[in-house]
Every structure is written in structure tokens, then in C-alpha cells.
Amino acid sequence: METQSGGLVGLDAAARLFAGEIGQTTRIGGGSFLSPTGAAGRRVFFAGALTSVSSGGGRVFARIADPTGTLTVLAGWREAAAASALQAIEPPAFAAVSGALASAGGETVIVPETVLRVERSVRDLWVLRTADLTLSRIERMIDAPADPGTVAAAAHYNTTPETLAGLALMVQAALRTVQDAGTPAAPIDARAVLIALLEEAPGRRVAEETLLAAVAERGIGQEAARAALAALMEEGECYMPSSGQVKLI
């Protein structure tokens with residue numbers, strides 16, 4: 001039987017959480033976490049587009065994006081096997097990571113136990129299952145306010161109906177990115193790469209041509225990159241505050 005986190009009863013279950021919810025998770029300590037929708041445990045299972053890998057100070061840093069945001073994966077000497085696995089994957093590529101949540105540099109990061117390169121279809125299946133579990137947790141917060149996990153999450157995060165509605169909209173947006181079975185698989189999500197690049201840029205702002213050139217270096221064609229950028233601007237994810245500059249909202 002599966003728990004609401006998505007793991008099997010009797011095992012150290014790994015919760016499936018979108019990046020948008022992980023980024024809001026601040027109750028972390030004692031080797032465990034509690035998320036805004038009431039997911040609790042010691043480990044998470046995450047899948048998305050690996051957009052960059054770098055190293056420094058004896059650690060490996062990676063950025064992985066799902067349809068709701070971008071996370072940092074941080075592997076040190078204790079995670080040598082996971083660090084090697086990250087360095088063996090050439091971005092852009094889809095990857096699945098399981099590990100613990102931790103606070104580092106003012107953000108919530110994943111400290112990986114395992115890293116695996118996966119296909120787009122695996123990422124899409126992860127989105128579908130994670131959406132189902134996240135919506136179930138949201139419904140439980142609405143329907144079972146006396147549940148201990150729900151009470152603890154609501155108290156820590158000052159949960160309101162508007163908060164839950166925002167999380168539900170996040171899930172719906174993620175579901176819209178899942179490809180139909182008959183649609184040819186894209187090698188990588190151009191939108192995720194664009195967002196990741198803008199998030200990492202100073203002031204979250206990059207010259208359009210520089211941004212497109214950086215995307216091209218990651219194996220994405222200019223036509224696909226321009227189409228993805230246009231879509232992000234139409235959806236209000238980014239805009240051009242000045243001529244030739246793209247800024248993430």
C-alpha cells in the first residue's frame with residue numbers, strides 16, 4: 001500500500017514533491033521535513049530537466065527544473081557516488097534524484113543519495129503521479145483539518161484557502177506540460193532551461209541574444225528556444241523591461 005507521499009508502507013518512503021513546493025518547505029530538521037501540503041519524511045524523489053552541473057570547494061552543484069521551478073542539488077564528499085553520477089550526465093538531460101532536503105545559502109536544496117539519467121517519458125510519469133499525490137494532500141488539508149500532519153503543516157505555514165488554491169494551480173500548470181502518448185518526445189524542455197538560466201543570472205535579467213546563445217549551447221535549436229521564450233512572455237513568466245533584455249518575473 002502507498003502512503004500519501006508516494007512510497008510503500010514499511011519502507012523509508014520518499015515523498016514526491018514539485019520544486020514549487022520544495023522551495024516553500026522551511027520546516028527541516030532532525031533528518032526530516034514537513035512540506036506545506038503536509039508531506040513528511042526523510043527523503044524526496046524528484047525528476048526534471050538537468051540544466052547545469054558545476055563543482056567547487058569539494059562539492060558538486062546541479063540545477064534541475066520541473067514545470068513548477070528549479071532546485072539546487074548539492075553533493076559533498078559524503079555523497080561521492082551521487083556526485084559522480086551528476087558529473088557523468090551532460091546537460092541538458094532529464095534526471096531523477098532521491099535524497100534528503102536541507103537548507104543551504106537561504107534556499108532548500110536536495111542532498112542526493114541516488115542520481116539517474118531518465119527519458120522524458122519517465123519525467124512525465126513522475127509529474128502525473130506527483131500531481132495526484134499533491135492534490136490528495138491538498139484535499140486532505142481541506143477535508144480533514146484535525147489530521148495531525150495537516151494541523152502541523154497548517155500551523156507552521158499559516159495555511160489559508162488562498163495558499164491551497166495557489167498550490168492547486170501550480171499542479172494544474174505542471175500537468176499541462178505532460179506530452180500526449182502520440183507526441184514525439186522532445187530531447188529537453190526549452191522552457192525549463194530558459195527559466196533556469198534567468199534564475200541564475202544577476203538580477204534575473206539577461207540580454208535576449210545572450211540568453212538564446214546559452215540555450216543553443218545546451219543543444220536546443222533557435223526556433224524551439226524562441227518559441228519557448230515567446231510562450232513564457234505570453235504567460236507572464238518573463239518580460240522585456242528594456243530593449244533586448246529579458247527579465248524573469
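**Close-up views of a predicted model**

**View 1. Phe-18, with 0% relative accessibility, is a buried residue, and our tour of this predicted model starts at its ring.** Searching the whole structure turns up two aromatic pairs. In one of them, the ring centres of Phe-18 and Trp-126 are 5.4 Å apart and the planes meet at 80°, so this pair is edge-to-face. The two partners come from distant parts of the chain, 108 residues apart: Phe-18 sits in the loop between strand 1 (14–16) and helix 1 (19–22), while Trp-126 belongs to helix 3 (residues 120–143). Trp-126 is buried as well, at 2% relative accessibility.

**View 2. Phe-46 and Trp-126 make an edge-to-face aromatic pair.** Here the distance is 5.3 Å centre to centre, with 80° between the planes. Because Phe-46 is in strand 5 (residues 43–56) and Trp-126 in helix 3, the pair ties together parts that are 80 residues apart in sequence. Phe-46 has 0% relative accessibility and so counts as buried. Put the rings together and you have one aromatic cluster of Phe-18, Phe-46 and Trp-126.

**View 3. The largest nonpolar core has 47 residues.** Which of its residues touch the most other members? They are Phe-18, Phe-46 and Ile-110, and two of these names will be familiar from the aromatic cluster, namely Phe-18 and Phe-46. If you set aside neighbours within four places in sequence, the contacts of Ile-110 include Ile-22, Val-44, Phe-46, Leu-71, Val-73 and Leu-101. Another core, of 20 residues, lies apart from the largest one; among its members are Leu-211, Val-215, Ile-220 and Val-246. As general background, nonpolar side chains tend to be buried together in soluble globular proteins.

**View 4. Helix 7 (residues 208–217) has its buried residues on the same side, because they cover an arc of only 160° around the axis.** Those residues are Glu-208, Leu-211, Leu-212, Ala-214 and Val-215. Why might such a pattern arise in a helix? An α-helix has 3.6 residues a turn, so residues three or four places apart point the same way. The cover over the buried residues of helix 7 includes helix 6 (190–200), strand 10 (205–207), helix 8 (222–234) and strand 12 (245–248).

**View 5. Strands 10, 12 and 11 form an open antiparallel sheet, in that order.** Strand 10 and strand 11 (238–239) are the edge strands, each pairing on one side only. Strand 11 and strand 12 run antiparallel and are joined by two bridges. For a landmark along this pairing, look for Cys-238, whose bridge partner in strand 12 is Leu-248.

**View 6. Thr-177 is found in the loop between helix 5 (161–175) and helix 6.** A polar atom of the Thr-177 side chain lies 2.7 Å from the backbone oxygen of Ala-174. Beyond its neighbours within four places in sequence, Thr-177 is in contact with Pro-67, Arg-120, Arg-123 and Asp-124. How far apart in space are Thr-177 and Asp-66, which are 111 residues apart in sequence? Their separation is 9.6 Å, C-alpha to C-alpha.

Note on methods: Residues numbered from 1 in each chain as written. Predicted model: local features only at pLDDT ≥ 70, side-chain atom pairs only at ≥ 80, totals over all residues. Heavy atoms only, no water. Phe/Tyr/Trp six-rings, centres within 6.5 Å; stacked < 30°, edge-to-face > 60°. Helix = DSSP H or I, 4+ residues; strand = E, 2+ residues; numbered from the N terminus. Buried < 20%, exposed > 50% of the residue type's maximum accessible area, 1.4 Å probe, protein only. Arc of directions from axis to C-beta. Contact = heavy atoms within 4.5 Å. Polar contact = N/O pair within 3.5 Å; in protein donor to acceptor, adjacent residues only side chain to side chain. Core = buried A, V, L, I, M, F, W, Y, C linked by side-chain atoms within 4.5 Å. Pairing = 2+ DSSP bridges.
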